[in-house]
Amino acid sequence: MSSSSAAPRRGERAQAPAGRPPMREALVAAAFRLFLERGYEQTTVDDIVALAGVGRRSFFRYFPSKEDVVFPDHERCLADMTAFLADSPEDAEPVRRVCDAARLVLRMYAENPSFSVQRYRLTKQVPGLRAYELSVVWRYERALAAYLRERFAGRPDGTLRADVIAAAVVAAHNNALRSWLRSDGRGDAGATVDHALAYVQSAFGAPAAVAQGARPEDVVVVVARRDAPLWRVVRELEAALGRD
């Protein structure tokens, strides 16, 4: 056997022949082509591997099930989010940090808008995929909540606060993301998600100590009832600082 045809060494990735996509991407492309032509339920793993020109063992090397080929990038994104939160600076504002972590998910969708729109339409049509997607979303939420629980440890209602904020971040992100997907991926997805996450930051995040343009020695005093909700206090503070 010549050196040019030798198997890759341990730790190296096998290179696809020139002009052909890597096997993982080829399997995803074949699967979605068949899903669109035949329907999800009518497509089998055997159909996918036949179109991709590989064997069943190759499919299951990359995807544990047919459902997983619909969401090929979520495991990587979840790992990226977990690492991002683990590397948070000690002085990072917790709510802003989890909002930034949610933007990693948006980036994953925005990398390939046409694929993301196709997946969104397919998921709406297949109840089993919708249930699978909800389980994925729940894992994202748990990752955010775990970080916040650690940051709020020792505070009154720290666990409750962490779980509520994590749920709010996921709800705001998904509301904006689905709005973008319903538009067939048109427009600025980042701006849409930023607008939604701003509600979470305003309601739960720490307000800026000094307003833009204000002198550092300025002091603003806001009087509020003890039982006033946090979002109302933040709104009154922003009004006092002259923020829109």
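**Entry 1: the end of α2**

I began just after α2, where G53 takes a positive phi of about 75°. The model I am reading is predicted, and I take every value below as computed from it.

I then went back into the helix itself. Which residues of α2, residues 45-52, are buried? I listed V45, I48, V49 and A52. Around the axis they cover an arc of only 90°, which puts them on the same side of α2. I looked up what these buried residues pack against and found α1 (23-38), α3 (56-62) and α4 (66-70).

**Entry 2: α7 against α8**

Next I took the pair formed by α7, residues 113-125, and α8, residues 127-151. Two packed helices are described by the angle between their axes and the distance between the axes, and I noted both. The axes come within 5 Å and cross at roughly 115°. I therefore put α7 and α8 down as roughly perpendicular to each other.

Which residues meet in this contact? From α7 I have L122, T123 and Q125; from α8 I have P127, L129, R130 and E133. I sorted the residues of the contact into three nonpolar, two polar and two charged.

**Entry 3: the nonpolar cores**

In soluble globular proteins, nonpolar side chains tend to be buried together. I looked for such groups here. The largest nonpolar core has 41 residues, and those touching the most other members are M81, V98, Y140, L144, L148 and V169. I checked which helices supply at least two residues each to this core: α5 (74-86), α6 (94-110), α7, α8, α9 (158-182) and α10 (189-204) are on the list.

I picked L144 from the core for a closer look. Setting aside neighbours within four places in sequence, I find L144 in contact with M81, L85, V98, A101, A166, V169 and V170. Apart from this core lies another, of 21 residues. I noted F32, F35, V69 and V70 among its members.

**Entry 4: E141**

I ended with E141, whose place is in helix α8. Is E141 buried or exposed? Its relative accessible area is 18%, and the cut-off for buried is under 20%, so I enter E141 as buried.

What does E141 contact, leaving aside neighbours within four places in sequence? I found A166, A167 and V170. For one of these, A166, I also looked up the C-alpha separation from E141, which is 5.7 Å. Along the chain the two residues are 25 residues apart. A166 and V170 also appear among the contacts I listed for L144.

Note on methods: Residues numbered from 1 in each chain as written. Predicted model: local features only at pLDDT ≥ 70, side-chain atom pairs only at ≥ 80, totals over all residues. Heavy atoms only, no water. Buried < 20%, exposed > 50% of the residue type's maximum accessible area, 1.4 Å probe, protein only. Helix = DSSP H or I, 4+ residues; strand = E, 2+ residues; numbered from the N terminus. Arc of directions from axis to C-beta. Contact = heavy atoms within 4.5 Å. Axes fitted to C-alpha atoms, helices over the stretch in contact; angles between N-to-C directions. Parallel < 35°, antiparallel > 145°, perpendicular 65-115°, else oblique. Nonpolar A, V, L, I, M, F, W, Y, C, P; charged D, E, K, R; others polar. Core = buried A, V, L, I, M, F, W, Y, C linked by side-chain atoms within 4.5 Å.
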